[in-house]
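Below is a set of questions and answers on one structure. Each answer gives the reasoning and then the value or name asked for.

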Number of protein chains: 2
Amino acid sequence: MTDQDFPVSEFQARLERLQSALRDAKIDALFLNTEAEVRYYTGFRTLFWQSPTRPWYLVLPAKGEPVAIIPEIGADLMRKTWVKDIRTWPSPRASDEGLSLLAGCLNKYARIGILSGRETHLRLPLSDFGELKERCRGCEFVDVSDIVRTQRMTKSALEIEKLATICGIASRSFERSDTLFHEGQTLKQAFAVFRIDLISEGADDVPYLVGGAGPGGYGDVISPPTDRRLANGDILMLDTGATRDGYFCDFDRNFAVGHADDDAKRAYSALHSSIDTALAIARPGVTCSELFKVMATCLGSADSSVGRFGHGLGIQLTEPPSLIDFDETALQAGMVITLEPSLEIAPGKMMVHEENIVIEDGPPRLLSTRAEPELPVIGG
Amino acid sequence: MTDQDFPVSEFQARLERLQSALRDAKIDALFLNTEAEVRYYTGFRTLFWQSPTRPWYLVLPAKGEPVAIIPEIGADLMRKTWVKDIRTWPSPRASDEGLSLLAGCLNKYARIGILSGRETHLRLPLSDFGELKERCRGCEFVDVSDIVRTQRMTKSALEIEKLATICGIASRSFERSDTLFHEGQTLKQAFAVFRIDLISEGADDVPYLVGGAGPGGYGDVISPPTDRRLANGDILMLDTGATRDGYFCDFDRNFAVGHADDDAKRAYSALHSSIDTALAIARPGVTCSELFKVMATCLGSADSSVGRFGHGLGIQLTEPPSLIDFDETALQAGMVITLEPSLEIAPGKMMVHEENIVIEDGPPRLLSTRAEPELPVIGG
C-alpha cells in the first residue's frame with residue numbers, strides 16, 4: 001500500500017462512520033458513481049475520470065465490505081487500494097456498461113442511498129440510471145446527500161495535513177510574486193510562470209487557476225487569462241486551486257502593479273479586515289451564516305456576484321458548507337474552509353480576497369500564510 | 001470578442017448545423033448542462049466548472065437564438081461570448097438554483113432534447129432534474145446524444161488548428177525526453193519536469209498526465225506517479241492530455257531507461273507497426289471497427305484491459321467515436337482521433353502507444369510527431 005495517499009485505517013474509519021449513519025437512516029447500502037466520493041471511500045485516485053467514456057461504481061453496504069464495480073482498465077490501480085471485492089467488465093462495450101454487475105450487487109438491498117441533492121451530479125448516463133432503476137424495481141432509491149456531505153465536511157488529521165501541505169506550497173509561491181509578475185507581462189505569461197512555480201514548489205497539479213487584472217480592479221473572477229499586458233495601476237488577482245496528493249488549496253492574492261490608487265487600497269483593507277472579523281469568531285458552534293454576516297457587516301455590503309463569502313475545501317476545489325446567509329451549518333473542529341469576501345469597487349470592477357483555515361477547539365488555524373494587511377505593490 | 005477562442009461565425013455555423021439536425025428530428029430545443037457542450041456552442045470557457053456548487057444551463061432552440069441561464073458569477077464572462085440572451089440568478093441560493101428561470105424558458109417547447117446516452121452525464125443534481133420535469137409536465141424529454149455526438153465528432157478547420165497547436169507543443173516537449181528524464185529520478189519528479197516543460201513550450205494546462213514505469217513494461221496506464229526511482233531496464237511511459245485554448249492533445253511516448261530488453265523492443269515495434277497499418281487505411285468511409293481490426297490483426301491480439309485502440313479527441317480528452325469492434329462509425333474528413341493500440345507483454349506488464357491524427361480526403365495527417373520506429377533509449 002506504499003503508493004496510497006492514506007493508511008488503510010483511514011479508510012476503515014471513514015467507512016465505519018458512514019455505515020453507522022446509514023444504519024441510523026435505515027439505508028442498506030450507498031451507491032456512488034462520482035470521482036470525489038469514490039476516492040474518499042477507496043483511495044482510488046486517477047486523472048482518468050477526465051475521460052467521460054467509462055462509468056465507475058462503488059457500493060458501500062451498511063454492513064460489510066466495499067464493492068468496486070469498474071472497467072477492467074482500472075483493476076490494477078483499484079487493487080492497490082484497500083478494496084478487496086473488485087468486479088470488472090471489459091469497457092467500452094456495445095451495451096451493458098457494468099449495469100448487470102451493478103444491478104446484481106444492488107438488487108439484494110431494499111433501501112439504497114444515492115446522491116441527488118445540492119452540489120451533486122450523476123456521473124453515469126441518465127439512460128443507464130433509468131435502466132438500473134428498472135432492473136432494481138424492488139429497491140427504493142433514497143437521497144442521502146446530507147449523510148455524505150456531513151461526513152466529508154469534517155476532515156481527519158491526515159486530511160488536514162494534506163491540505164496544510166498544499167496551502168503551504170501555494171503560500172510560498174505567492175511570496176515570490178514580486179519576482180514572478182511584472183508590468184508588461186501578459187496575463188497568460190503570468191499564469192504560466194505561476195503554474196511552473198507552483199509545480200517547482202511541490203504541487204502535483206494546478207487544476208484551477210483563474211484571475212484578472214485591470215486598472216483599479218477586475219471584472220470577474222472565473223476567467224481564463226488573456227494576452228492583455230499588465231499595466232501600471234492594474235490590480236492583479238490570481239486565485240489558485242493547486243493540488244498535492246489529490247487535495248486542494250483555494251486562495252487568491254491581490255497585487256497592485258507599480259502603484260495603487262486609494263479606492264483599491266481601501267477595498268483591499270476592507271476585505272482584509274473582514275477576514276479578521278471572521279477569524280476572530282470562527283469557533284466550533286458558530287454557524288456559517290454568522291461567519292457570512294460578520295464579514296458582510298464589516299464590509300457594509302453583502303452585494304457581490306460571487307454570492308457567498310467562502311466554502312468548504314478538500315478533495316474538491318469547493319465543498320459544502322457555504323458561507324452565506326441561508327447556510328446554518330455549525331462549524332466543527334476539523335472543518336477546513338475558505339474565507340472569501342468580495343466587494344464591488346465600481347460597476348464592473350471588483351475585488352476578492354481569500355484565505356484557507358481549519359476550525360479547531362479555540363482559534364482557527366490559518367493554512368494559507370496570511371496576506372499582507374496592505375495592498376502589496378509589485379514590479380512597477 | 002478579442003478574448004474569445006473563435007470568431008462568432010464559428011459559433012453561428014455550429015448552431016445552424018445543430019438546429020438543422022434538431023428540426024429534422026422534430027426537436028424544438030436542446031437543453032444542455034455539461035461543460036463541454038456549453039462551451040462548444042457558446043465559447044464560454046472557464047475552469048470554474050471544477051466547483052460543483054453551481055449548475056450552468058444553455059437552451060438552444062431549433063429556431064432562434066441561444067439562451068444562457070447561469071449564476072450571476074458567470075455573467076461577465078458569458079457577456080464576452082456571442083450569446084446575447086443571458087438570464088442569471090444569485091447563486092448559491094437556498095432553493096431554486098435556476099430552476100424557475102430554466103422551466104420558464106423550456107416550458108414553451110413540446111419536445112426537448114437532452115443528452116442521456118453513452119458517455120454523457122447529468123451535471124445538475126438529479127433531484128433538480130426531477131423537479132424540472134415536474135415543472136415542465138407538458139414537455140417530452142428526448143435523448144439527442146447522437147445528434148450532438150455526430151456534430152462534435154467532425155472538427156472545423158479552426159478546431160483542427162487548435163488541436164494541431166497543442167499536439168505540436170507536446171511533440172516538442174517529448175522530443176526533449178532525453179534531457180528531461182533519467183535513471184534515479186522518481187516518477188513524481190519526471191511528471192513535474194514534464195509538466196513544466198509543456199507549460200514552458202506553450203501549453204495552457206496539463207489536465208491529464210499519467211504514466212508508468214517498470215522493468216520491461218508497466219502494470220497500468222491510468223495511475224498517478226509514485227516515488228519509485230527510474231532504474232536501468234525500466235520502460236517509462238508518459239501519456240499526456242495537455243490543453244491550449246481548451247483543446248486537448250492525447251498521446252504517449254515510451255522510453256527504455258539505460259537499455260531495453262528484446263521483449264520490450266519487440267512489443268514497441270509491433271505497436272508502432274500496427275499504427276502504420278491504421279495510418280495506411282484511415283480514409284473517409286472506413287469504419288472505426290475496421291481501424292480497430294487492422295491494428296488487432298497486426299498485433300495478433302485484441303486482448304487488452306484498455307478495451308479500445310483509440311478514440312475521438314477535442315474539447316475533451318476522449319470523445320466519440322471509439323476504435324473498437326462494435327463502433328461502426330464511418331470516418332469523415334475533419335475527424336480528429338487517436339490511434340492507441342496496446343499489448344500485454346506478460347501478465348501484469350503492458351505497453352501502449354498512441355498518436356493523434358486528423359482524417360482528410362486522402363491520407364490522414366499526423367498531428368503528433370510520429371514516434372521513433374524503434375524504442376528510444378534515454379538517460380542510462
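**Salt bridges, the interface and two buried residues**

A:Glu140 is partly exposed, at a relative accessible area of 42%. The model is a predicted one.

Q: Which residue forms a salt bridge with A:Glu140, and how far apart are the closest N and O atoms?
A: A:Glu140 belongs to strand E6 (residues 140-143) of chain A, and the partner belongs to strand E5 (residues 111-114), 29 residues apart. The partner counts as partly exposed at 26% relative accessibility. The salt bridge is formed with A:Arg111, and the closest N and O atoms are 3.3 Å apart.

Q: Are A:Arg152 and A:Glu37, which meet in a salt bridge, buried or exposed?
A: The N to O distance of this salt bridge is 2.6 Å. The pair links distant parts of the chain, with A:Arg152 in helix H6 (residues 145-153) and A:Glu37 in helix H2 (residues 35-42) of chain A, 115 residues apart. Buried means under 20% relative accessible area. A:Arg152 has 7% and A:Glu37 has 10%, so A:Arg152 and A:Glu37 are both buried.

Q: How many residues apart are B:Arg45 and B:Asp245?
A: These two residues form a salt bridge whose closest N and O atoms are 3.9 Å apart. B:Arg45 is buried at a relative accessible area of 17%, and B:Asp245 is buried at 12%. B:Arg45 sits in the loop between helix H2 (35-42) and strand E2 (57-61) of chain B, and B:Asp245 in the loop between strand E8 (234-244) and strand E9 (247-248), which puts them 200 residues apart.

Q: Which residues of chain B are linked in a network of salt bridges with A:Asp5, A:Arg45, A:Lys162 and A:Asp245?
A: A search of the whole structure finds 57 salt bridges over all chains. The network in question includes residues of chain A and of chain B. Its members from chain B are B:Lys188 and B:Asp227.

Q: How many salt bridges are there between chain B and chain A?
A: One salt bridge joins B:Glu97 to A:Arg118, with the closest N and O atoms 3.3 Å apart. For polar contacts, the rule finds 25 residue pairs across the interface, both residues at pLDDT 80 or more. The count of salt bridges between the two chains is 5.

Q: What area do chain B and chain A bury between them?
A: The size of an interface is often given as the accessible area lost when the parts come together. Here 70 residues of chain B are in contact with 70 residues of chain A. In chain B, the residues that lose the most area to chain A are B:Ile73, B:Leu126 and B:Ile222, together 12% of what that side buries. Carbon and sulfur atoms account for 59% of the total, which is about 5600 Å².

Q: What relation holds between chain B and chain A?
A: Two copies of a chain are related by a rotation about an axis and a shift along it. Chain B can be laid on chain A by a turn of 180° and a shift of 0.0 Å along the axis, with an RMSD of 0.0 Å. This is therefore the relation of a two-fold axis.

Q: What percentage of the contact residues of chain B recur in chain A?
A: The turn that lays chain B on chain A is 180°. The same surface serves both copies, and the share of contact residues of chain B that recur in chain A is 100%.

Q: Is B:Leu367 buried or exposed?
A: B:Leu367 is placed in the loop between strand E17 (365-366) and strand E18 (377-378) of chain B. Beyond its neighbours within four places in sequence, B:Leu367 is in contact with residues including B:Leu163, B:Cys167, B:Val336 and B:Ile357. Its relative accessible area is 7%, so B:Leu367 is buried.

Q: How far apart in space are B:Asp239 and B:Val210, C-alpha to C-alpha?
A: B:Asp239 lies in strand E8 of chain B and counts as buried at 5% relative accessibility. Not counting residues up to four places away in sequence, B:Asp239 touches B:Val210, and among the others are B:Tyr208, B:Phe251 and B:Glu354. B:Asp239 and B:Val210 are 29 residues apart in sequence, and their C-alpha to C-alpha distance is 5.4 Å.

Conventions
Residues numbered from 1 in each chain as written. Chains lettered and ligands numbered in written order. Predicted model: local features only at pLDDT ≥ 70, side-chain atom pairs only at ≥ 80, totals over all residues. Heavy atoms only, no water. Contact = heavy atoms within 4.5 Å. Buried area = accessible area lost by both parts, 1.4 Å probe. Salt bridge = Lys/Arg side-chain N within 4 Å of Asp/Glu carboxyl O. Polar contact = N/O pair within 3.5 Å; in protein donor to acceptor, adjacent residues only side chain to side chain. Least-squares fit on C-alpha atoms with pLDDT ≥ 70 in both. Helix = DSSP H or I, 4+ residues; strand = E, 2+ residues; numbered from the N terminus. Buried < 20%, exposed > 50% of the residue type's maximum accessible area, 1.4 Å probe, protein only.
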